[in-house]
2 protein chains.
Amino acid sequence: MKPNAHVVKVLAFDVFGTTVDWHGSIVREGAVWSCEKKLDIDWSQFAERWRAGYQPTLERVRRGELPWMKLDEIHRGILDEVLVEFKVTGLSDEEKDQWNGVWHRLAPWPDAIEGLVRLKKHFIIATLSNGNVSLLVDIAKYASLPWDAIISSELFRRYKPDAANYLGAADLLGCEPDDLMMVAAHPSDLKAARECGLKTAFVRRPLEHGAQPAGTASVSAAPGAASDPSAPAWDVTAADFIDLAAQLS
Amino acid sequence: MKPNAHVVKVLAFDVFGTTVDWHGSIVREGAVWSCEKKLDIDWSQFAERWRAGYQPTLERVRRGELPWMKLDEIHRGILDEVLVEFKVTGLSDEEKDQWNGVWHRLAPWPDAIEGLVRLKKHFIIATLSNGNVSLLVDIAKYASLPWDAIISSELFRRYKPDAANYLGAADLLGCEPDDLMMVAAHPSDLKAARECGLKTAFVRRPLEHGAQPAGTASVSAAPGAASDPSAPAWDVTAADFIDLAAQLS
């Protein structure tokens, strides 16, 4: 399951969902907003809707219908739509900006820091995310993530899964594509990385979209988090970052 | 001497000479090469010549006579010239690459890590260097420098002191130019940063070019390390990074 994994020099990590828990963080901060603003909102649905708006906007940028934008701006635009849908009115622009800042205050998965600290001893560890640089820097500071480098699609002005990200990261980090392993909870990210010659590590994040209500479909049906049984095996499949560190060292 | 220094959010550090001791590191590794290769070389002069070749090459790139190149490539090209000048023969390409790698193995100034750790509690701390990204990442790992972000002229394909670096760093780090303070031992770097609206911190590095022989001109005559009495005062002038941390907190 891990052919040549030992020759990898650099690990590039997806961030949202793979390294940090965006869903749970928004739900937790939403509870505070509910108190402050006397709102009765299902923050899990609110978080899902906010995140779900991201891919269609990226598609419009890819098609040239919108100019390239930082993810912060994309999140802010979607927030306006979500507020209307959830019938939240009366927020000032400053308050909306403050809510949008929740994406800078995301908690790491419980294993993330320990796993990264272990991996950092043996590998260069970098982000490779559609988050803009300052967003990723703020998350790293908030969540104490010990990255060696912040690599962002902002540097290439192309969002993942555009090949410019995977090949550009290898070039910037001074290695060949097959010296670089993409670590992500999302098969689409890993597939694109593999097509560029990168190695791949799939990390399971069954709670990316929150705990599923009893009796509903399994978490593998959650968009983006699904494992893909039709895909060939990844170089490594790990339960979390600590397991990844154990498998790679 | 420090108007509004307290409103700064981000510190951008020059690396070679300001954060790490390239001269001393090359002299120390040169002593090992002398042993291995039975060479009788003044490594201080060798280091100065290697470093001095950098600005003329950058000028040729700026004028379009040479394509944009990573600093690693520039160092490697200058090494070929310096080896001829110092009559070092018989090195394989692999050995030359290994020698060139000394720029990835530079020691921090004695105050650098402690100063950066203190500053990191209050500010985002990033590199802003003409070194390419992977060179800066390797130095950070070798020297245990706790950067929040690696910002390099490679991201803009323009070397400092081109304004693209200072304005580009502010944009990537999500702040206005005057929220960003350039920290450097080189007035030319700080002058260019100030012209872009950045704040400036001058850190004295009297030993950047090694200890001066007794009776010679003062270290202020050393190229690049000179303070410039005709320049208006910088926002902060510090003896080292620990002093900088004390002044800014």
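1. Contact of H2(A) with H4(A). In this predicted model, A:Phe46, A:Arg49 and A:Trp50 of H2(A) meet A:Ile78, A:Leu79, A:Val82 and A:Glu85 of H4(A). Sorted by class, this contact holds five nonpolar and two charged residues, and no polar ones.

2. Geometry of the pair. The axes of H2(A) and H4(A) are 9 Å apart, and the two helices pack at an angle of about 140 degrees. The crossing in which H2(A) passes H4(A) is right-handed.

3. Length of H4(A). Helix H4 of chain A covers residues 71-85, 15 residues in total. At 1.5 Å a residue it should span 21 Å, and the C-alpha atoms at its ends are 21 Å apart, so the expected span and the model agree.

4. Burial along H4(A). Which residues of H4(A) are buried? They are A:Leu71, A:Ile74, A:His75, A:Leu79 and A:Val82. Two of these names, A:Leu79 and A:Val82, also appear on the H4(A) side of the contact with H2(A). The cover over the buried residues of H4(A) includes helix H2 (43-52), helix H3 (54-62), helix H5 (93-100) and helix H7 (133-143) of chain A.

5. After H4(A). Just past the helix, A:Lys87 has a positive phi of about 55 degrees.

6. Relation of the chains. A turn of 180 degrees with a shift of 0.0 Å along the axis lays chain A on chain B, with an RMSD of 0.0 Å. This is the relation of a two-fold axis. Within chain A, the C-alpha nearest the axis belongs to A:Ala149 and lies 3.0 Å from it. Both copies use the same surface: 100% of the contact residues of chain A recur in chain B.

7. The interface. How many residues of chain A are in contact with chain B? There are 14, and they are in contact with 14 residues of chain B. H7 and strand E5 (149-152) of chain A each supply at least two residues of the side that touches chain B. H7(A) gives the largest share of that side, five residues. By class, the side of chain A that touches chain B has nine nonpolar, two polar and three charged residues.

8. Elements with two roles. H7 of chain A is among the helices covering the buried residues of H4(A), and H7(A) also contributes five residues to the side of chain A that touches chain B. H2(A) likewise is part of the cover of H4(A), with A:Phe46, A:Arg49 and A:Trp50 as its residues in contact with that helix.

Methods:
Residues numbered from 1 in each chain as written. Chains lettered and ligands numbered in written order. Predicted model: local features only at pLDDT ≥ 70, side-chain atom pairs only at ≥ 80, totals over all residues. Helix = DSSP H or I, 4+ residues; strand = E, 2+ residues; numbered from the N terminus. Expected span 1.5 Å × (residues − 1). Buried ≥ 20, exposed ≤ 12 C-beta atoms within 10 Å, placed from the backbone. Contact = placed C-beta atoms within 7 Å. Least-squares fit on C-alpha atoms with pLDDT ≥ 70 in both. Axes fitted to C-alpha atoms, helices over the stretch in contact; angles between N-to-C directions. Left-handed = near helix turned anticlockwise from the far one by under 90°. Nonpolar A, V, L, I, M, F, W, Y, C, P; charged D, E, K, R; others polar.
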